[in-house]
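Here are some worked exercises to try with the coordinates open in your viewer. Have a go at each task before you read its solution.

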Amino acid sequence: MSDFLLELRSEEIPARMQAGARAELEKLFRREMDAAGVEAGEITVWSTPRRLALIARGLPLATEAVSEELKGPPVGAPDQAVDGFCRKAGVDKADLETREVKGRETYFAVKNVPGRATADLLAEAIPAIIRDFSWPKSMRWGGASISTESLRWVRPLSGIVALLGDEVVECEVHGVTSGAVTLGHRFHHSGDITVGNADDYAMKLRAGHVIVDHQERQDLIRSGAAKVASEAGLRLVEDEGLVIENAGLTEWPVPLLGRFEEDFLEVPPETIQLTARVNQKYFVCEDEKGELANAFICTANIEAEDGGARVVDGNRKVLAARLSDARFFWDVDRKKTLAEHAKGLERITFHEKLGTVADKVERVAKLARWLVEEEIVVPHTRHSREGGNPDSGGGTGNSGQLDPRPRGGDGLSREDLADMAEQAARLAKADLVTEMVGEFPELQGLMGGYYARAEGLPDEVADAIRDHYKPVGQGDDVPTAPVTVAVSLADKLDTLFGFFNIGELPTGSKDPFALRRAAIAVIRLIEANGIRVLVSEMARYWNTDETVGPGLQVEDFLHDRLGVMMKEAGVRYDVVQASTDLGTRLDGDIWRVRRRAAALQDFLGTEDGANLLAGYKRAANILKKEDWHGAEGEIARTGEEDPLAIVDDPDLKAVVAAKMEQRHASELSYAAEPAEKALMDALANSEPAASRAIAAEDFSAAMAALAALRAPIDRFFEEVTVNADEENKRAHRLDLLARFRAAVHKVADFSRIEG
């Protein structure tokens with residue numbers, strides 16, 4: 001057994017590509033070893049800006065000889081079939097053997113594959129790995145680059161180290177021959193470094209001022225940056241992405257702290273941090289108050305003789321130029337109000353079928369105001385239905401009315417909040433046309449909030465402008481301030497309604513307008529704020545002059561996304577569906593769906609739940625087989641040619657009711673069997689109990705009410721003949737099953753539950 005070292009050296013590999021390159025190198029190496037019959041055990045892959053390195057431990061020195069047998073066509077098969085088999089097996093027809101298979105002579109090709117030296121296999125594998133290597137971007141170079149058949153690599157390939165044990169694995173790729181010689185740090189080490197084997201590779205490179213292990217470089221940057229910040233009485237603003245990027249830019253990282261002019265702190269801190277991070281790859285620091293300090297930390301790639309003073313000074317000058325640009329944008333943008341900036345939105349197309357961004361803003365402003373005026377996002381009434389706030393557990397009153405007068409505390413009336421929501425919505429997109437957001441698109445919304453505050457707009461408006469894009473990702477904060485919730489919800493719903501209205505729906509993995517992300521954000525806003533409204537109600541407002549079909553599509557889309565989210569959280573998808581529609585869209589309310597589904601899944605996990613589901617399925621199958629529709633099915637007995645002709649006739653309503661009462665009375669003219677009576681009594685108790693629990697949104701209690709039906713329905717099926725010979729008994733028992741099914745449906749649609 002021996003260890004194998006492969007180093008592929010080139011010009012600088014972009015930091016963002018190094019993680020993918022490490023994975024690609026291991027994947028291709030394992031592919032080649034598997035194809036050669038070599039078992040590759042422990043593999044370590046490292047990267048620096050100038051090299052990829054792989055160490056495979058415990059490779060055999062040679063493969064074992066093997067004998068392979070391939071079954072072919074039967075003797076007597078057409079010559080074409082036999083010749084084709086020979087070509088596939090790589091043997092001559094004269095070398096074929098015949099054996100009896102199921103009483104018929106059959107051709108077999110027997111190939112004896114001798115063992116091979118692993119060094120020879122590696123010599124063939126290395127060029128294949130390099131040729132097949134996949135980079136996000138690659139290039140050709142040198143005189144051979146005029147041919148499209150020439151090698152492509154991320155940067156010009158300059159060296160290959162290939163050692164199996166102490167011996168060089170000889171190969172050649174694009175004029176680069178393998179050897180045992182590599183190079184150290186570009187500035188700290190001159191001359192060649194001869195590597196003895198895989199064990200001394202990292203040590204010899206370290207002596208040449210190269211830390212080949214990327215994880216070690218990351219640790220040095222992470223701890224070193226925190227150390228120099230602490231020594232200056234500051235706290236490092238942690239940024240793991242920046243740690244990884246700096247490790248990918250350096251082979252000998254040395255964190256250094258520098259200072260910039262305090263005047264730049266007049267610019268919003270996020271602007272400074274983004275400028276330092278994106279343009280210069282610098283860390284920033286905070287003072288003891290948690291405020292941004294006039295300090296940065298750069299990562300040098302050398303150990304300077306002057307302690308890094310010149311390096312820091314050069315980086316300070318570059319950062320100062322960048323911050324000067326940011327301050328210029330900040331000053332220029334504030335010369336106009338957000339309302340003036342917003343006029344520029346008329347020149348930006350949102351979508352060719354949905355108009356400009358200004359058109360979208362107009363729709364969002366009206367919808368945001370409506371959400372407040374209808375008391376949907378106002379804290380006074382957002383939990384006013386029975387059950388109270390799902391998060392706090394407390395109720396908020398039963399009137400459902402919001403006093404339009406100032407109500408103390410924040411001193412804002414419903415009208416105040418509606419005005420603010422509309423104003424914030426009209427200004428929320430204004431920063432898209434500012435200089436700062438033009439330079440840093442990541443700051444959209446955030447800069448609008450700063451500009452709003454700078455011109456003296458209310459904090460509620462500024463906060464709503466700043467946060468109206470939230471929540472963006474799974475870890476993002478969810479707004480809870482009424483004005484912000486109204487604008488954020490209106491913005492995302494307008495996007496959903498709009499694109500569904502023009503038929504631009506997500507298909508498969510394609511979602512060019514991020515509608516799935518918008519739907520998830522809507523769900524999180526609804527849940528976090530206990531918003532109790534059907535999306536279809538909002539759709540009617542958004543689309544008053546046209547069909548509300550798109551609104552119903554959006555509602556279905558939201559519930560589908562909710563199902564996916566809950567499935568990821570461990571709740572079965574069919575359970576979510578059973579908690580959603582109930583046939584009348586009564587549960588378009590996402591808050592109820594989530595909690596109903598959680599209670600239902602818990603219930604189905606019990607013995608009572610599993611057995612009740614089985615009883616429900618049996619009852620539903622009987623009713624389906626008998627095509628039983630209960631009272632509706634008896635209307636035909638009125639004698640009309642059209643069974644439904646007199647259903648809504650007010651003059652005959654009393655006649656129909658009396659006939660139905662007589663019909664049901666006759667059904668009870670016999671003495672019910674004990675099991676039948678037990679189910680009737682259980683339903684009499686469980687139905688109202690379940691209804692009360694559902695009304696109070698106590699879904700656990702509703703499930704408990706259903707659990708009381710488990711034993712009676714089991715006994716009913718064991719002891720009672722449903723399809724009795726007597727018509728009145730049969731009708732009553734089918735109605736009893738229909739009543740049982742209806743009682744279950746009040747709690748959840750068990751027909752959607754699998755199993």
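**Exercise 1. Decide whether Asn-294 is buried or exposed, and find what its side chain meets.**

Solution. This is a predicted model, so treat each value as computed from it.
- Step 1: The relative accessibility of Asn-294 is 13%. Buried means under 20%, so Asn-294 counts as buried.
- Step 2: Place the residue: Asn-294 belongs to strand β16.
- Step 3: Look for polar partners. The side chains of Asn-294 and Arg-259 make a polar contact of 3.2 Å, and a polar atom of the Asn-294 side chain lies 2.9 Å from the backbone oxygen of Phe-260.
- Step 4: Widen the search, leaving aside neighbours within four places in sequence. The contacts of Asn-294 then include Gly-258, Glu-261 and Leu-265.

**Exercise 2. Work out the strand order of the open sheet that holds β16, and say which strands stand at its edges.**

Solution.
- Step 1: The four strands run in the order β13-β15-β16-β14, with antiparallel pairing.
- Step 2: β13 (235-236) and β14 (254-259) each have a single partner strand, so they stand at the edges and one side of each has no neighbour in the sheet.
- Step 3: Take one pairing in detail. β14 and β16 (residues 292-300) are joined by six bridges in the antiparallel sense, and Leu-256 stands opposite Cys-298 of β16.
- Step 4: Follow the chain beyond β14. Glu-266 sits in the loop between β14 and α7 (269-280), and its relative accessibility of 58% makes it exposed. Its C-alpha is 9.4 Å from that of Trp-330, although the two residues are 64 apart in sequence.

**Exercise 3. Check the span of helix α16, then find how it is linked to helix α20.**

Solution.
- Step 1: α16 (residues 515-528) has 14 residues, which at 1.5 Å a residue should span 20 Å; the end C-alpha atoms are 20 Å apart, in agreement.
- Step 2: Ask how enclosed the helix is. In α16, 10 of the 14 residues are buried, so the rest of the structure largely encloses it. Among them are Ala-518, Val-522 and Glu-527.
- Step 3: Repeat the span check on α20 (residues 590-604). Its 15 residues reach 21 Å, close to the 21 Å expected. Its buried residues include Trp-591, Leu-600 and Phe-603.
- Step 4: Find the link. Arg-594 and Glu-527 form a salt bridge, with 2.0 Å between the closest N and O atoms. This pair links distant parts of the chain, since Arg-594 is in α20 and Glu-527 in α16, 67 residues apart.
- Step 5: Compare the environments. Arg-594 is partly exposed at 22%, while Glu-527 is buried at 12%.

**Exercise 4. Which parts of the chain do the salt bridges Arg-30 to Glu-26 and Arg-414 to Glu-375 join?**

Solution.
- Step 1: Arg-30 and Glu-26 meet at 3.2 Å, N to O. They are four residues apart in helix α1 (residues 15-36), which means about one helical turn separates them.
- Step 2: Arg-414 and Glu-375 meet at 2.6 Å, N to O. Arg-414 lies in helix α11 (residues 414-427) and Glu-375 in the loop between α10 (357-373) and α11, so the pair ties together parts 39 residues apart in sequence.
- Step 3: Add the surroundings. Arg-414 is partly exposed at 22%, whereas Glu-375 is buried at 13%.
- Step 4: Set these pairs in context. The count of salt bridges comes to 58.

Conventions: Residues numbered from 1 in each chain as written. Predicted model: local features only at pLDDT ≥ 70, side-chain atom pairs only at ≥ 80, totals over all residues. Heavy atoms only, no water. Pairing = 2+ DSSP bridges. Helix = DSSP H or I, 4+ residues; strand = E, 2+ residues; numbered from the N terminus. Expected span 1.5 Å × (residues − 1). Buried < 20%, exposed > 50% of the residue type's maximum accessible area, 1.4 Å probe, protein only. Polar contact = N/O pair within 3.5 Å; in protein donor to acceptor, adjacent residues only side chain to side chain. Contact = heavy atoms within 4.5 Å. Salt bridge = Lys/Arg side-chain N within 4 Å of Asp/Glu carboxyl O.
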